[in-house]
Every structure is written in structure tokens, then in C-alpha cells.
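Hello,

Here is the structure we talked about handing over. Please load it first, then read the notes below alongside it.

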Amino acid sequence: MSIIKGRDDQPGGDIQLAMSWSASGEDGAHPAGHAQVGLMPDADLVFALSLTPLSGAGVLATNQILGMTGPALLRVDEVCFPVGAVAHRHTHAGTGFRHLVRGSLRVEAVAHTQTMTAGDSWFEPSDTPVRAVSLQSKGVTSFVRCMVVPPEFEGKSTFSLVNPADGDLPRLQMTHRHIDHAIYLDAG
């Protein structure tokens, strides 16, 4: 899977499927944009599945999807954090990229902690614990995400708290699911 900035710098290569996302241009709106299957001419981001890693000026990052073959879903959604929001330590049943479109977010993973600002991208493998803390003093922080998820999660959340007691804590962030698109992953 690769994440590509904009439509103008599209890399050559063997893109098998693309999901495009474009910002709405409305400050503070949730969702911050819209998504569709395929390459949109006005796309701000493209999430691409390919047989070989993509490269080129527009490629922000690329990562191999491991351990999944057969039926799956390619999901594009957005998560919006108001001031003070915390996504307590959790996992997702899907693997994929996140791209921060506004605000700032501290991402605490098992092996590292990193502060993300608008324009930063990162990859999260499935079932890997992570905690996210919004750092902005006003407005919202939000990221767009594209994950490969098992088909049984169609229309359902992949979010699972590591410590069930955290379920009693406030959950201020909001998720907007744009697309669950059925795909088939081939091991070859």
C-alpha cells in the first residue's frame, strides 16, 4: 500500500486499486473531506494498492500489507479529535496508513512516541497497540485513514480497547466512515 500526495505527481507503476480523498476546504468541518474509489482529478491524497512498491516525487510512504490474503475490505475513514481528546490505548483489526490533515497529534506506539503535525503520514500494522492524544489548543485535529480490514468488519468499527476499563473514560473523538470497498488480496 502507498500513500500519494495529490493527483499531479502520480507515480508510474502497477496500481491495482486506488482510493482518493479530497479536503472540503471548510475549517473545522467533520468530515474534513470526501473519498471515492478510483483516482479523482482533484484528489489531495491517493491510497494505492500495487503489486510492487511505488516510488516517485508524490509518494509519501509505502508499506507492504502482510498476513492477509483472500476477501478483505479497503476502508477510508476520518477521525476528528476536539481539544483534549484522547484515543486510549487500542488496536485495530486492520492495517494501513493515516495522514494528519489538520492539528497536531501525539501517537504513542509500542516502540516509539511521535508528534504528528498536518501533512505527516504514518503506518499502523493491525492489532498493534497505540494511543493518540490531540495537542491543539483550539479547533480540531483530524486524520484520514485507509486500512485493509477483514470482510466481517463491513460497516463495523475495528477499534478495540487494550484495557476494557478505559471504556469508562471519555471518548471525544468522532469517526466518519467514507467507504468500505470489497477487494480480494492475492498472496502472489
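**An exposed loop residue**

Asp127 counts as exposed, because its relative accessibility is 54% and the cut-off for that class is over 50%. Please keep in mind that this is a predicted model. Asp127 sits in the loop between β11 and β12 (130-134). Its backbone deserves a look too: phi of Asp127 is near 55°. That is a positive value in a residue other than glycine.

**The cavity**

How many cavities of 30 Å³ or more does the structure hold? The count is one. The volume of the largest cavity is about 40 Å³. Its lining consists of Thr91, His92, Gly94, Arg98, Glu124, Pro125, Ser126, Thr128 and Val130. By class, that lining has two nonpolar, five polar and two charged residues.

Arg98 and Glu124 are both on that lining list. Their side chains also meet in a salt bridge, at 3.1 Å from N to O. Arg98 belongs to strand β8 (residues 95-102) and Glu124 to strand β11, so this salt bridge ties together parts 26 residues apart in sequence. Both Arg98 and Glu124 are buried.

**Other salt bridges**

The total comes to five salt bridges. One of them joins the side chains of Asp180 and Arg75, with 2.6 Å from N to O. Here the span in sequence is 105 residues, because Asp180 lies in strand β15 (residues 174-185) and Arg75 in strand β6. Is Arg75 buried or exposed? Arg75 is buried, because its relative accessible area is 1% and buried means under 20%.

Glu108 and Arg106 form another salt bridge. Their closest N and O atoms are 2.7 Å apart. The two partners fall into separate classes of accessibility. Glu108 is buried, with a relative accessible area of 12%. Arg106 counts as partly exposed, at 26% relative accessibility. This pair is part of a network: salt bridges link Arg106, Glu108 and Arg131.

**Aromatic contacts**

There are three aromatic pairs in the structure. One of them is Phe81 with Phe143. This pair is tilted, with 35° between the planes and 6.1 Å centre to centre. Phe81 is in strand β6 (residues 70-82) and Phe143 is in strand β13 (residues 140-149). The two residues are 62 apart, so to speak of distant parts of the chain being linked is fair.

Trp122 and Phe143 make an edge-to-face pair. The planes are 70° apart and the centres 5.5 Å apart. This pair, too, links distant parts of the chain: Trp122 is in strand β11 (residues 121-124), 21 residues from Phe143 in strand β13.

Which residues form one aromatic cluster? Phe81, Trp122 and Phe143 do. Each ring residue of the cluster has its own accessibility value. Phe81 counts as buried at 1% relative accessibility. Phe143 counts as buried at 6%. Trp122 counts as buried at 8%.

A charge also sits over a ring. Arg171 lies over the face of Phe159, at 4.2 Å from the ring centre.

**The largest pocket**

The largest pocket has a volume of about 590 Å³. Its lining is made up of 21 residues. Ser50, Leu51, Ile65, Leu185 and Asp186 lie nearest its centre. Which strand gives the most to this lining? β15 does, with three residues. At least two lining residues each come from β2 (15-23), β4 (45-50) and β15. By class, the lining of the largest pocket has 11 nonpolar residues, nine polar and one charged.

**Where to look**

For a quick tour, start at Asp127 in the loop between β11 and β12. Then turn to the salt bridge of Arg98 and Glu124. Go on to the aromatic cluster of Phe81, Trp122 and Phe143. End at the largest pocket, with Ser50, Leu51, Ile65, Leu185 and Asp186 nearest its centre.

Best regards

Technical notes: Residues are numbered from 1 along each chain as its sequence is written. This is a predicted model: local features need pLDDT of at least 70, side-chain atom pairs count only at pLDDT 80 or more; totals for chains, interfaces and linings use all residues. Side-chain values use heavy atoms; hydrogens and water are left out. Rings of Phe, Tyr and Trp (its six-membered ring) pair if their centres lie within 6.5 Å; planes under 30 degrees apart count as stacked, over 60 as edge-to-face and the rest as tilted. Helices (H or I, at least four residues) and strands (E, at least two) are DSSP runs, numbered from the N terminus. Buried means under 20% relative accessible area, exposed over 50%, partly exposed in between (1.4 Å probe, protein chains only). A charge sits over a ring if NZ of Lys or CZ of Arg is within 6 Å of the ring centre and within 35 degrees of the ring normal. On a 1 Å grid over the protein atoms alone, a cavity is a set of points where a 1.4 Å probe fits but cannot get out, and a pocket is an open set with protein on both sides within 12 Å along at least five of seven lines; lining residues have an atom within 4 Å of a point. Grid points are joined across faces, edges and corners, and a volume is the space filled by probe spheres set on the points. Ala, Val, Leu, Ile, Met, Phe, Trp, Tyr, Cys and Pro count as nonpolar, Asp, Glu, Lys and Arg as charged, and the others, Gly among them, as polar. A salt bridge is a side-chain nitrogen of Lys or Arg within 4 Å of a carboxyl oxygen of Asp or Glu.
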